[in-house]
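Open the model in your viewer and keep the selection box at hand. The stops below move from one chain to the other, with a selection to make at each.

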Amino acid sequence: MPERSPTPVRRPPLVHRAAQVLLTAAVACAPLAGCGDGALESSPAELGSYAGGGTTPASDPDGRGTGGGAFPGSGGGTDEPGEDPDDETAGTGGAGSSPGRPPEPFAPSPPVMPRLTAAQYRNTLEDLFGPDLPRTPIEPDTNPYLFWSIGAATTAVSELGVEQYAEAAFVVAAAVFADEARRSRALTCAPAAADDACIDAYVRGLGRRLYRRPLTEDEVTRWVAVSRDTAEGDPLRGAESVLAGMLQSPAFLYRIEAGEPAPEADGGSRRYTSHEMAARLAFFLTEAGPDDVLLDAADRGELVSPDALEAQARRLLSTPRARAAVQAFFAQYLDLGRLEHIELDPALFPGFSRGLVRAMETEVRLLVDDLVFRRGGDIRGLFSARRGYVNADLAELYGVDAPGATASAFVPVTFPEDTPRAGVLTLGAFLTMNAHRIETSPTLRGKYIRERVLCQDVPPPPANVNLDLERAEGDPPTLRERLEQHRENPACAGCHAFIDPPGFLFENYDSMGRWRDAVDGYPVDATGDLDGVPLNDALDLAKALSTHPRVGACITRQVYRFANSRLDTRGDRAALAGIESAFAASGYDFQSLLVALVRSEGFRTLAAPEVLP
Amino acid sequence: MMIPRRPLSRRTFLRGALGGLGVALALPPLEAMLGPRAAGAQVPAFPPFFGLFYWANGTPWHARHGGEQAGAGYPDLWTPGTTGAGFAPSPLLEPLARHRPTVVTGLEPHTEVPPAPPGQEDGHMRGFMVAMTGDRIRPEGFDHPSHTLTALSPSLDQYLARHPGFYETPPRFRTLEVGVSRARFHDYGHWNAISYNGPDSSNLPIMEPSALFDRLFAVPPDTREADRRRRLLDAVLGDANTLRAQLGATDRGRLDAHLEHVRTLQRRIEVATPHCEVPGRPGDDGDLLQKTRTMGDLLALAVSCGLTRVFSVMLTSPATTHVFSNLGVPEDMHKICHDGRWEWVRDITRYQMECFAAFLDAFQAPQPDGTTLLDRGLVYGTSEYGEGWKHSVKELPVLMVGGAGGRLARGVHVREVDGNLCRAQLTALRALGLDDAQFGRNGAETADVLPGLLT
């Protein structure tokens with residue numbers, strides 16, 4: 001039985017936990033052999049699909065990562081696509097417990113140690129020293145589990161990466177000390193000697209911002225000595241060295257959290273310290289280190305109460321950095337990075353260009369900003385809103401009037417009721433990313449709906465199957481019929497009956513997102529269904545998703561992963577359910593979701609790390 | 001232009017070794033302190049180098065790949081018609097003939113495939129990982145539908161570069177990693193790199209010749225600046241020492257990996273920069289073949305002047321989505337493999353071998369003493385599976401180019417049908433002077449080298 005783990009617990013490798021998320025789902029529609037799906041394996045268009053996007057909270061009841069015990073059929077988890085056994089009742093989307101059985105208590109997880117992502121690294125330096133600092137390469141982020149933050153918490157940096165951190169540190173430090181305006185942001189006094197009181201204050205002040213906490217006296221002594229030993233008679237030179245050194249310190253490059261015992265009122269659990277919370281809030285909501293206001297609040301020990309955290313979160317959400325951070329979340333959640341790799345056959349898609357792809361991405365970003373910041377409202381409208389933002393190329397692609405739109409100017413439009421555009425699933429980015437260079441792919445489109453919008457797992461195709469969808473002699477002429485044919489194979493039917501029907505709803509949109517009534521002279525049949533409810537087309541799906549109980553739960557879960565730099569576990573379910581309730585009560589206002597998450601024990605508390613002797 | 005060599009004083013060396021935190025720092029041999037080639041007969045004049053050269057999507061399928069591939073009726077254009085020395089190059093190996101490759105055919109992974117999670121037998125996973133590491137993928141965290149996977153063991157280049165029998169003291173760069181094609185099947189994990197230190201620890205390749213040039217030939221800091229940098233790294237290690245105590249095992253391992261790299265940087269400040277004739281800084285233009293050639297030119301120089309002795313090259317990334325439009329192929333390679341476009345795969349494979357040959361040209365150029373770099377070392381070429389249509393791991397291609405200081409036979413075709421792929425890797429390691437009793441893990445262990453190759 002799931003129970004709260006005794007602490008300290010051994011933290012299983014994060015990836016191991018993730019495996020179990022996936023393993024448990026693989027039994028679902030596991031096909032047997034010999035089918036073709038033509039999409040899951042055969043296309044680069046699935047770039048960036050991710051692990052752990054399932055219905056399944058990690059089947060890791062005690063957080064110990066017991067390995068084989070969670071393999072399919074061994075009882076570790078039994079989720080099937082669309083039938084999460086803990087989730088039959090609508091509304092939780094796998095996030096919470098079901099009525100009728102006692103809710104599992106929240107069980108905190110041990111901390112993870114994310115390295116700063118590239119964006120966090122650059123934003124932090126920019127906040128400290130002003131914009132347009134010289135840029136040298138730093139090790140790229142990786143997102144095996146959808147979010148950069150999770151890659152940053154699971155992978156080790158390479159030797160080249162450490163070299164690049166060193167190079168970047170020297171270049172940035174030199175730029176800061178070559179510029180009076182930049183330098184004065186960090187060094188506010190005039191040192192007379194390289195280890196005088198001014199340098200002491202500088203080390204403490206700079207260290208506080210870079211390490212996101214007060215320095216220990218040992219650290220102060222260490223870095224003042226660095227200044228003294230490297231000044232060569234020039235205190236500014238010593239101060240520059242301190243900056244160049246601190247920028248290479250793991251205390252800056254990694255977010256190291258150990259927490260502290262919480263007062264008895266919290267049941268003896270552990271909580272993040274105020275300074276750790278300052279960093280957690282800042283990196284989550286602004287993709288940058290904490291500012292002085294946050295650090296001052298942390299110095300006063302305030303950032304342990306939900307109300308104080310909410311106040312700070314609301315303050316941060318009013319900053320431009322928060323708008324960019326929200327964009328970063330949605331770009332990763334919606335997989336917009338894949339757009340960079342899209343190539344379409346120019347002969348078949350003459351209007352296709354890099355500029356058009358960039359416009360497709362921009363329109364999603366503008367819609368997100370609209371739904372989260374400018375007008376607000378129900379974020380689920382992302383998948384159903386009749387409003388959008390188009391430039392001239394997109395207006396032409398969609399056939400809408402957009403006065404004032406040019407190649408570079410986007411204008412707000414309301415898609416008329418008689419046009420087939422409502423929400424991002426009917427817009428260029430989704431339609432293009434989830435199609436092949438020539439043909440569309442109902443399978444890829446359906447898979448995206450299942451995994452990203454509904455947080456359901458899609459198991460792998462069976463091994464050694466014929467994945468060709470090449471048209472063979474005697475094959476029926478349309479893609480749908482060929483796919484239907486594959487679905488008659490019992491080995492494939494289970495999964496494709498799950499994946500394809502929502503994908504078919506988009507058959508009226510070609511690989512570039514253009515509307516079409518016929519393909520190769522055959523009229524398009526865009527009927528399909530979602531979990532047994534027949535639907536006529538993508539607009540029907542948009543309408544269904546606008547109130548679908550899984551959509552809000554899925555967004556909650558993805559934000560939770562993004563914020564915590566890890567996949568969720570079974571122990572997180574109670575916290576997820578609480579956040580989702582607040583989200584629902586707000587009418588699915590995204591900023592309210594962020595605030596609810598920040599207030600949640602799932603963001604504020606942790607299990608003790610395993611500390612080695 | 002020449003980079004002046006900075007002599008290394010014993011005082012400098014000791015200060016670096018004893019200052020700071022008592023960090024373990026191996027004593028450099030006399031050779032490093034006196035500069036290369038100064039230590040006389042105690043060390044071999046030319047210790048061998050190792051290069052790992054990877055191309056994606058195997059070879060065109062034929063009957064020997066089994067299954068449906070056998071029924072497709074395509075000829076085997078890869079395997080030479082005869083074995084032993086003096087074989088006539090096959091059509092796909094013709095471009096490499098000028099470098100006298102030793103060709104090994106018929107091998108396949110012998111690793112066990114765990115029953116769960118499913119999908120681990122797929123060539124992209126099993127074939128690739130055994131070809132790179134001699135081990136299977138790490139089952140924990142493996143996810144076939146999303147292709148999320150990580151290595152269990154280090155790749156051959158890293159295995160060798162950390163082997164006590166290979167480097168006494170690593171040169172300026174323990175290893176170098178480069179790549180050429182930017183197309184990626186996924187943006188994460190092993191789809192971005194072929195060089196691994198172990199689980200969740202990749203060495204991403206340098207993708208631009210100019211960036212490789214800058215790394216190799218950056219003007220080293222003067223003594224004063226070097227002292228300063230070393231001093232900063234001492235402080236960085238001092239910070240880290242306190243932080244370590246707060247971490248659990250997994251994160252402590254990640255931090256320790258970081259700190260090892262910091263110590264490598266420190267050591268690099270200590271050792272003298274070898275004497276290199278620095279060429280002009282290359283541009284990053286050019287097609288795949290030209291960029292591969294430029295990377296080869298730079299790495300050959302790096303090897304010849306003692307900057308490194310181990311490198312890896314990712315010509316194309318695993319399951320590459322590179323569109324070889326220069327060959328008239330309209331779609332990406334992974335897709336055309338699955339679509340069964342054999343003729344296109346044939347043309348692309350031949351082109352990838354042309355790239356490999358161009359890469360090797362500088363290694364074949366005569367050195368001042370009349371030998372070539374290929375006489376001294378070994379470039380090991382391989383791919384991720386036998387063929388890309390059905391991902392068969394049978395007939396996994398292996399090429400060994402170079403004589404490894406006379407220890408490896410050149411221009412020989414060895415055929416071992418259904419043989420253990422790790423035998424080729426063990427053979428290469430032995431040729432490079434390692435005395436490993438066996439290689440391979442998780443079912444692929446072998447103590448047998450390939451016959452007739454080690455001399």
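Select B:E177 and B:S312: B:S312, in β7(B), is the bridge partner of B:E177. This is a predicted model. Widen the selection to β4(B) and to strand β7 of chain B, residues 310-314; the two run parallel and are joined by 4 bridges.

Now show the sheet around this pair. It is an open sheet of 8 strands with mixed pairing, in the order β2-β10-β3-β9-β8-β1-β7-β4 of chain B. At its edges are β2 (84-85) and β4 of chain B, each of which pairs on one side only.

Add helix α11 of chain B, residues 342-364. The helix packs on the sheet and touches β1 (50-54), β7, β8 (378-382) and β9 (398-401) of chain B. Compare its direction with that of β8(B): the angle is about 175°.

**Strand β1 of chain B**

Select β1(B) next. How many of its 5 residues are buried? The count is 5 of 5, so the strand is mostly covered. Colour B:F50, B:L52 and B:Y54, which point one way from β1(B), and then B:G51 and B:F53, which point the other way; all are buried.

β1(B) has parallel neighbours to show as well. 5 bridges join β1(B) to β7(B), and 5 bridges join β1(B) to β8(B). To check the register, pick B:Y54, whose bridge partner in β7(B) is B:M314. Then pick B:G51, whose bridge partner in β8(B) is B:V379.

**Helix α6 of chain B**

Select residues 209-217 of chain B, which form helix α6. The buried residues here are B:P209, B:L212, B:F213, B:R215, B:L216 and B:F217. Look down the axis of α6(B): these residues fall within an arc of 170°, so they line one face of the helix. The background is simple: an α-helix has 3.6 residues a turn, so residues three or four places apart point the same way. Show β4 (176-179) and α9 (288-304) of chain B too, as both are included in what covers the buried residues of α6(B).

**Backbone details in chain B**

Zoom to B:A116 and B:P117. The peptide bond that joins them is cis, with omega about -5°. B:P117 is in the loop between β3 (102-108) and α4 (123-133) of chain B.

Move to B:D200, in the loop between β5 (196-198) and β6 (201-202) of chain B. The phi of B:D200 is positive, near 55°, in a residue other than glycine. Is B:D200 buried or exposed? B:D200 counts as buried because it has 24 C-beta neighbours inside 10 Å, the cut-off being 20 or more.

Before leaving this chain, colour by domain. The domain assignment gives domain 1 of chain B as 1-39 + 221-272 and domain 2 as 49-216 + 283-431. Taken over C-alpha atoms, the centres of the two domains are 33 Å apart.

**Chain A**

Switch to chain A, which has 24 helices and 9 strands. Of its 613 residues, 59% count as buried. Among contacts in chain A with a separation of 6 or more, 73% are between residues 24 or more positions apart.

Select helix α10 of chain A, residues 274-286. Its 13 residues should span 18 Å at 1.5 Å a residue, and the end C-alpha atoms are 17 Å apart, which agrees. α10(A) is mostly covered, with 13 of its 13 residues buried. Just after α10(A), A:E287 takes a positive phi of about 50°.

Go on to helix α11 of chain A, residues 292-299, where A:L294, A:L295, A:A297 and A:A298 are buried. These residues cover an arc of only 160° around the axis, which puts them on the same side of α11(A). On the other side of α11(A), A:D292, A:V293 and A:D296 are exposed. To see what the buried residues pack against, show α6 (197-211), α10 and α12 (306-317) of chain A. After α11(A) comes A:G301, with a positive phi near 70°.

Finish at A:C455, in the loop between α17 (442-453) and α18 (479-488) of chain A. A:C455 is not a glycine, yet its phi is positive, about 55°. A:C455 has 24 C-beta neighbours inside 10 Å and therefore counts as buried.

Terms used:
Residues are numbered from 1 along each chain as its sequence is written. Chains are lettered from A and ligands numbered from 1 in the order in which they are written. This is a predicted model: local features need pLDDT of at least 70, side-chain atom pairs count only at pLDDT 80 or more; totals for chains, interfaces and linings use all residues. A residue is buried if 20 or more other C-beta atoms lie within 10 Å of its own, exposed if 12 or fewer, and partly exposed in between; C-beta atoms are placed from the backbone. The arc is that of the directions from the helix axis to the C-beta atoms. Two residues are in contact if their C-beta atoms, placed from the backbone, lie within 7 Å. Domain bounds come from an automatic or database domain assignment. The expected span of a helix is 1.5 Å times one less than its number of residues. Two strands pair if DSSP finds at least two bridges between them. Axes are lines fitted to C-alpha atoms, for helices over the stretch in contact, and angles run from 0 to 180 degrees between N-to-C directions.
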